[in-house]
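Look first at the inside of this model, then at one polar side chain, and last at the surface.

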Amino acid sequence: MIKINGEVKNLDNCNLLEYIKANGYKLEVIAVELNGNIIKKSDFANITLKDGDSVEIVSFVGGG
């Protein structure tokens with residue numbers, strides 16, 4: 001089980017970049033934390049999520 005934004009998901013060997021794209025996140029405006037560490041966008045494609053991982057994906061919103 002992998003926890004993404006507080007929700008437990010049953011994903012097995014899921015690529016981080018594929019998950020982000022499949023769930024409609026825009027790469028230009030997100031930050032990703034994996035197990036307490038901020039992940040560089042250039043590393044998304046190289047990361048395979050595994051059992052026990054905890055992911056937080058946050059989107060930046062502009063405005064004033």
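A polar contact here is a pair of N or O atoms within 3.5 Å; within protein, one must be able to donate a hydrogen and the other to accept it, and residues adjacent in sequence count only if both atoms are side-chain atoms. The model is predicted, so local features need pLDDT of at least 70 and side-chain atom pairs pLDDT 80 or more, while totals for chains, interfaces and linings use all residues. Residues are numbered from 1 along each chain as its sequence is written, and side-chain values use heavy atoms, without hydrogens and water.

The largest nonpolar core (buried Ala, Val, Leu, Ile, Met, Phe, Trp, Tyr and Cys residues joined through side-chain atoms within 4.5 Å) has 16 residues, and Leu16, Val32, Phe44, Leu49, Val55 and Ile57 have the most contacts inside it. Two or more residues each come from strand E1 (2–4), helix H1 (16–22), strand E4 (30–34) and E7; H1 gives the largest share, four residues. Helices (H or I, at least four residues) and strands (E, at least two) are DSSP runs, numbered from the N terminus.

Asn15, in strand E3 (residues 14–15), is buried, with a relative accessible area of 15%. Buried means under 20%, exposed over 50% and partly exposed in between (1.4 Å probe, protein chains only). The Asn15 side chain reaches the backbone nitrogen of Leu17 at 2.9 Å and that of Glu18 at 3.0 Å.

Phe60, by contrast, is exposed, at 54% relative accessible area. Phe60 lies in the segment after strand E7 (54–59).
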